[in-house]
Amino acid sequence: SHFRNMDWQGLFNFGMKQSLLGVLLAGIKRLKSTDGINPHILLKFITVAHKTKCLNISINNTALKLGKELDDAGFIHCILKGPGLASLYPDPLARIPGDIDMWTANVKDARNRRGLSTAKSRKRVIEYVKRKFPDAEVAYYHIDYPVFKDVAVELHFMPVRMVRYWH
């Protein structure tokens, strides 16, 4: 009953801004009654949650395609951040997705125990991407891999961005 006078539009706006609408809708579903919520705002929550679920399914399928491609090319890989953390959510499909960040290393480098973030492995990943996309942007820890039109992909050489090496 103490939710009746709540600013639901304000909560919706906050959820949009912070990319938390799926999490907020999970909380709304736990309420005993939604009588105090403006039906139009409730419908907005439900609509965005449905679109988010569909987008997550699409991105998950895209990540599977990317993984298969990297396997076939002789790379080992691991999803970082976003989709990789979705399993920690009560409803993994409720998380608002972004790009796909993939930690990538050459299988030969890993088998030879040279480490997964060696300069040689980094070079092989860059060469692989540059053969397909010569203008791909390279940062010291990842390369953009514009292989999909609807989802941004970054292939990481190291799983973290180390700005201060001593820390």
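This report describes the fold, strand pairing, salt bridges and one surface patch of a single protein chain, as seen in a predicted model.

**Overall organisation**

The protein chain contains six helices and four strands, and, read from the N terminus, its elements follow the order α-α-α-β-α-β-α-α-β-β. Of its 167 residues, 35% count as buried. When contacts between residues at least 6 apart in sequence are considered, 55% of them join residues at least 24 apart. The chain exposes about 10,900 Å², and carbon and sulfur atoms supply 57% of that area.

**Strand E4 and its partners**

Strand E4, which spans residues 153–156, pairs with E2 as well as with E3. Strand E2 (residues 100–106) runs parallel to E4 and is joined to E4 by four bridges; within this pairing, Asp-101 stands opposite Glu-154 of E4. Strand E3 (residues 142–144), by contrast, pairs with E4 in the antiparallel sense, over three bridges, and here Ile-143 has Leu-155 of E4 as its bridge partner.

Are the residues on the two faces of E4 buried or exposed? Both faces are covered, since Val-153 and Leu-155 on one side, and Glu-154 and His-156 on the other, are all buried. Two of these buried residues also appear in the pairings just described: Glu-154 lies opposite Asp-101, while Leu-155 is the bridge partner of Ile-143.

**Salt bridges**

The structure holds three salt bridges, which are set out below with their N to O distances.

| Lysine | Acidic residue | Distance, N to O |
|---|---|---|
| Lys-68 | Asp-72 | 3.0 Å |
| Lys-132 | Glu-69 | 2.9 Å |
| Lys-123 | Glu-127 | 3.9 Å |

Lys-68 and Asp-72 both belong to helix H3 (residues 39–72), where they are four residues apart, about one turn of the helix. Asp-72 has a relative accessible area of 56% and is therefore classed as exposed, the threshold for that class being over 50%.

The salt bridge between Lys-132 and Glu-69 links distant parts of the chain, for Lys-132 lies in helix H6 (residues 119–132) and Glu-69 in helix H3, with their positions 63 residues apart in sequence. Lys-132 is partly exposed, because its relative accessible area of 41% falls between the limits of 20% and 50%.

Glu-127 and Lys-123 both lie in helix H6, and they too are separated by four residues, about one turn of the helix. Which exposure class does each partner of this salt bridge fall into? Glu-127, at a relative accessible area of 37%, is partly exposed, whereas Lys-123, at 52% relative accessibility, counts as exposed.

Helix H6 thus contains both Glu-127 and Lys-123 and also Lys-132, whose partner Glu-69 is in helix H3; helix H3 in turn holds the pair formed by Lys-68 and Asp-72.

**A nonpolar surface patch**

Which residues make the nonpolar surface patch of about 540 Å²? The patch is made by Phe-14, Leu-20, Val-23, Leu-85, Leu-88 and Tyr-89. Among them, Phe-14 is placed in helix H1 (residues 8–17). With a relative accessibility of 43%, Phe-14 counts as partly exposed, and this value satisfies the requirement of over 30% for patch residues.

Technical notes:
Residues are numbered from 1 along each chain as its sequence is written. This is a predicted model: local features need pLDDT of at least 70, side-chain atom pairs count only at pLDDT 80 or more; totals for chains, interfaces and linings use all residues. Side-chain values use heavy atoms; hydrogens and water are left out. Buried means under 20% relative accessible area, exposed over 50%, partly exposed in between (1.4 Å probe, protein chains only). Two strands pair if DSSP finds at least two bridges between them. Contact means heavy atoms within 4.5 Å. Accessible areas come from the Shrake-Rupley method with a 1.4 Å probe; for residues, only the protein chains shown count as cover. A salt bridge is a side-chain nitrogen of Lys or Arg within 4 Å of a carboxyl oxygen of Asp or Glu. Patches are made of residues with over 30% relative accessible area and no salt bridge: like charges are joined within 9 Å, nonpolar side chains (Val, Leu, Ile, Met, Phe, Trp, Tyr) within 5 Å.
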